[in-house]
Amino acid sequence: MLTFLLWIFLFIVCWPLAIAALILYPIIWLLLLPFRLLGFAVNLSFDLVRNLFMLPFRLVGMK
């Protein structure tokens with residue numbers, strides 16, 4: 001809701017910039033999507049390595 005209100009304010013102050021932001025936002029989101037997916041994959045791989053190292057401690061009962 002706050003984003004919408006900020007866009008309305010931008011539209012009132014400078015409508016060409018608001019229209020450009022409205023058009024460019026989906027394009028920028030699509031361009032950044034592979035980086036978000038890569039970050040998700042890297043995070044999962046680090047979690048896997050951490051869990052593999054912590055497995056013996058969990059089996060013994062240490063935290």
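## A charged pair in helix α2

R50 is partly exposed, at 46% relative accessibility. Its side chain meets that of D47 in a salt bridge, with 3.6 Å from N to O. D47 is partly exposed too, with a relative accessible area of 28%. These values come from a predicted model.

Side chains of opposite charge can pair when their charged atoms come close. R50 and D47 are three residues apart in helix α2, so about one helical turn separates them. A search of the whole structure finds one salt bridge.

## An aromatic pair in helix α1

How many aromatic pairs are there? The count comes to one. The ring centres of W7 and F11 lie 5.3 Å apart and their planes meet at 25°, so the pair is stacked. The cut-off behind that word is an angle under 30 degrees.

Both W7 and F11 belong to helix α1, which covers residues 2–13. They are four residues apart, or about one turn of the helix. Are these rings buried or exposed? W7 is partly exposed, with a relative accessible area of 24%. F11 is also partly exposed, with a value of 36%.

## A nonpolar patch on the surface

F11 appears again in a nonpolar surface patch. The other members are W15, I19, L22, I23, L24, I27, I28, L31, L32 and F35. Together, the patch residues have about 1,100 Å² of accessible area.

Which helix gives the most to this patch? Helix α2 does, with ten residues. L22 is one of the residues in helix α2. That helix runs over residues 15–60, and R50 and D47 lie in it as well.

## The overall form

The protein has two helices and zero strands. Its C-alpha trace spans about 65 × 25 × 10 Å along the principal axes. The radius of gyration is 22 Å. A compact globule of 63 residues would have a value near 11 Å.

How much of the protein is buried? Buried residues make up 2% of the 63 residues. To count as buried, a residue needs a relative accessible area under 20%. W7, at 24%, is therefore partly exposed rather than buried.

The accessible surface of the whole protein comes to about 6,100 Å². Of that surface, 83% belongs to carbon and sulfur atoms.

How values were computed. Residues numbered from 1 in each chain as written. Predicted model: local features only at pLDDT ≥ 70, side-chain atom pairs only at ≥ 80, totals over all residues. Heavy atoms only, no water. Phe/Tyr/Trp six-rings, centres within 6.5 Å; stacked < 30°, edge-to-face > 60°. Buried < 20%, exposed > 50% of the residue type's maximum accessible area, 1.4 Å probe, protein only. Salt bridge = Lys/Arg side-chain N within 4 Å of Asp/Glu carboxyl O. Patch = residues over 30% accessible without salt bridge, like charges linked within 9 Å, V, L, I, M, F, W, Y side chains within 5 Å. Areas by Shrake-Rupley, 256 points an atom, 1.4 Å probe, with all protein chains shown as cover. Rg over C-alpha atoms; globule rule 2.2 N^0.38 Å.
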